[in-house]
Amino acid sequence: MTADTARAGADARTDRADVPELRVEGVGLRFAGITALDDVSFTVRPGTVHALIGPNGAGKSSCFNVICGVYHPTAGRVRLGDTVLTGMRPHRLARLGVGRSFQNIALSQHSTVLDNVMLGRHSLTRGGFLSGGLRLPWVARQERVHARRAAEICEFLGIADRLDTPVAALPYGVAKLVDVARALAVEPRVLLLDEPAAGLNAVETAVMASTIRALRDALGISVLLVEHDMGLVMGIADRVSVLDFGRLIADGEPAVVQRDPEVVRAYLGAGDSEEQQ
Amino acid sequence: MSDVSDVSTAVRATTPPAPRPRAGTLVRVGGWLVLLLVLSGLPFVVGPGLLSAGQYVMIGAVGAIGLTLVIGQAGQLSLAHAFFLLVGGTSYAVLAGETEQAGSEYIVGLGLPPLLALVGAVVISALAGFAFAPVAGRLTGIYLGVASLALVFLGFYLGQALPMLTGGAASGRNPEPFSLFGFAFSNEGYLAVLGVPFRAPERLWYLFLAFTVIAFLLARGAVRSRVGRAWRAVRDHEAAAAVMGVDVLRAKAGAFAVSAAYAGLSGVMVTLWLGLLKPDESEFGTYGLNTSIAFLAMAIIGGLGSIPGAVVGALIVYGTPQVLTLFADELGLGDTLAGFSPTVISLYVYGIAVIAVVLFEPGGLAAIGRRIAGLSARRTRSDPAPATTPRPAPPGEDRS
Amino acid sequence: MGRRPIQLGAVTLFSTQLVALVVGLVLITAFFVAFRFTDWGIAMRAQAENREAAALMGIRSSRVTATAWLVAGALAAVAVMFIVTQDFSGTGLSRSTHAIAFAAFPAAIIGGLDSTAGAVVGGVIVGLTQALTEVYVSIPFAKVAVFLVMLVVLVVRPAGLFGTRELSRV
């Protein structure tokens, strides 16, 4: 694949028709006798923003880690379209179009923003030690093309003026956006955002919300997010799944889920749910 | 961002940012060229003693670049460097040498052309590094370091146990001198350039200089490429690297293989420099733990992950004993120091250097260099400093 | 200390070795007790587990670190006192005596770095491997055998036999 076709392929991916369903089917997860997830099933419809919520310790992050292959479920499976993701080694998911951001920013602090975002291009590019070391013409061209795309993505997120800044020198809110930019650099068809608003102030949260909406509307991709900020979730989600003690207790439109008595009980009944993890 | 689709189409339409011309780039390239020119001219100015010392430093530089890649860039602690030196040296001696009989024992040699033997030795070293991957992939931190230490002890044992390959610890074996298209890098034949006779020290100088430059440029290119990014991602956050599409096990194995290949080349250079391949008789020798630690010191002093830093580290760690030896007699240190041989003194020198780096500048000389460069850049720049001034980079920075 | 061997049934021992054994057992016991019950031991274990949390609980990080090095040095000194005797090394100190320190690495690693009991078990495994290999295979191979055993242990249990594996949260 030449660099140009890689680019063309990348653009084609953002076509709405190409986005498959992400299906979580009866997933169970146990750690040393503790049941973290129990028969969890839901479907992320193409081109929607789907929120996964629940009190602390409900299993949201575990569910996330199962989806993106970091944890292996003890039961059930996850499918993207017709492809079974479960059992695959995590790095293969990027190639299938699954991108992910992290709750606690997992960037290389001393590398520049561009360098971090370029990591997302890993599975879209080729080249090993020798070709990279010799800076062969096709490697240099590929690097240019993909750096341009990375810059575009940063521009889309409004962080293009920080491309050459080391991540360590960025404010937290901007670093969060860099994490999202890196996930987008994978050219995902499904984007997983793990607590995108955690640690952000009100203004930064509003920016994040409009960004997420923009991702869905402009790129047509599906977004699955784990979030604590109910205002954010109810404002942008097309569909909400609620976990409590590892079980799915509600799944539906935000307005409906919000009134669900069991959801209300899970949030209000568990008074200690606001404890820090 | 109210009208989002507008924004995105606008973004798509923008022309890519043109590569910004950097005034510093020309200066830097010019500096490297001048340095290269000076190094190329050295054989016309200095004697064979100092040339030989310089060659030893280049042996260190090649090995240290390899080590700083695996430790500083990929974040995998390796103490096995000395073992890969032995693998490289032995492979070269076996591939290039002739089968001969020493006493009752045979010494095996395949008699390949030296260039082929050199490439073969580097490849074999890389494969040895790759073979360590199943262990390296499962371990982290100090556990990995000590596990890699096992290889040094294995090498020490095998060096003695396989005299048919290594020539045995007592006498060793003489490697075939390197030659390229019929030109021997030894005392063979007469060659004079500008009235200066070119014998083994001068010829080896250029050979080693070429090796070092190639090793340096390859590493620098790779670090700035996709491979380097994957290594740093594995170093900083394994799970994130995997999610971004990096095959973590493969990246680790690759880093070990590359580092072993560098060590292998360094090992070939050692045998060419000594004109001898000789496995150690005690745990502390050419291929012993002390060598692994010396390379580690070079990488740390230079700043983990920094390639120019590794070269300067080699200059300090391998240069000091050589220069001290050369000047010991001139300075009259020969008798007064008794037990304090140049080797022992240099141990103290780099021991102190490592401690100083750890205490005062964990980024090593590379960070100090960047700080100086940053200061001078700020002074010459007329426009106001950017809102976010990059902090002086800590260890393992990717700029090289 | 004399060179007169002591006969215990079928086992022949030098008195130095007997003293070393006793001293070793006493020290090990002392450390078990200290680690488990004294404030110092608890502080040390807390810091090993989570440095920041320990500091927040009022543990002085610098002091714990300093005493840890102090104790490590003192223990090494005790070991050296025995190593330099003729009964152990035969020749006393030499330039490569410190190589023996590298035998301590596999012992600590095999057991798991954060476990005192592991260090003891690791030490026994290292000692037995070395002694048995010296007798049944060859003396030069003994040291390699120790490291090979360590490699096997690590491949099966990456944090040693009794070590706790760090779980990374994402």
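**Entry 1: Phe245(A)**

I looked up Phe245(A) in this predicted model and found the residue in the loop between strand 9 (239–244) and strand 10 (247–252) of chain A. I noted a phi near 50 degrees, a positive value in a residue other than glycine. Most residues other than glycine have a negative phi. I then checked accessibility: Phe245(A) counts as exposed because its relative accessibility is 66%, and the cut-off for that class is over 50%.

**Entry 2: Glu187(A)**

I turned to another residue with positive phi, Glu187(A), where the angle is near 55 degrees and the residue is again not glycine. I placed Glu187(A) in the loop between helix 7 (172–185) and strand 7 (190–194) of chain A. Is Glu187(A) buried or exposed? I recorded a relative accessible area of 2%, so Glu187(A) is buried; the limit for that class is under 20%.

**Entry 3: a sheet of chain A**

I traced an open sheet of four strands in chain A, with the order 2-1-4-5 and antiparallel pairing. Which strands lie at the edges? I identified strand 2 (34–44) and strand 5 (83–84) of chain A, each of which pairs on one side only. Strands of a sheet pair through backbone hydrogen bonds. I next examined strand 1 (residues 22–31) and strand 4 (residues 75–80) of chain A, which run antiparallel and are joined by five bridges. As one point of register, I noted that Arg23(A) stands opposite Arg79(A), a residue of strand 4 of chain A.

**Entry 4: area between chain B and chain A**

I listed the residues in contact and obtained 51 from chain A and 45 from chain B. The buried area between the two chains is about 4200 Å², and carbon and sulfur atoms give 62% of that area. Which three residues supply the most on the side of chain B? I found Arg226(B), Arg229(B) and Met244(B), which together supply 19% of the area that chain B buries against chain A.

**Entry 5: polar pairs and elements**

I searched the interface of chain B and chain A for salt bridges and found three. One of them joins the side chains of Arg232(B) and Asp115(A), at 3.0 Å from N to O. For polar contacts between the two chains, I counted eight residue pairs, both residues at pLDDT 80 or more. I then assigned elements to the side of chain B that touches chain A: among those giving two or more residues are helix 1 (4–13), helix 10 (200–224) and helix 13 (248–274) of chain B. Helix 11 of chain B gives the most, with eight residues. By class, I recorded 25 nonpolar, eight polar and 12 charged residues on that side of chain B.

Terms used: Residues are numbered from 1 along each chain as its sequence is written. Chains are lettered from A and ligands numbered from 1 in the order in which they are written. This is a predicted model: local features need pLDDT of at least 70, side-chain atom pairs count only at pLDDT 80 or more; totals for chains, interfaces and linings use all residues. Side-chain values use heavy atoms; hydrogens and water are left out. Contact means heavy atoms within 4.5 Å. Buried area is the accessible area (1.4 Å probe) that two parts lose on being put together, summed over both. A salt bridge is a side-chain nitrogen of Lys or Arg within 4 Å of a carboxyl oxygen of Asp or Glu. A polar contact is a pair of N or O atoms within 3.5 Å; within protein, one must be able to donate a hydrogen and the other to accept it, and residues adjacent in sequence count only if both atoms are side-chain atoms. Ala, Val, Leu, Ile, Met, Phe, Trp, Tyr, Cys and Pro count as nonpolar, Asp, Glu, Lys and Arg as charged, and the others, Gly among them, as polar. Two strands pair if DSSP finds at least two bridges between them. Buried means under 20% relative accessible area, exposed over 50%, partly exposed in between (1.4 Å probe, protein chains only).
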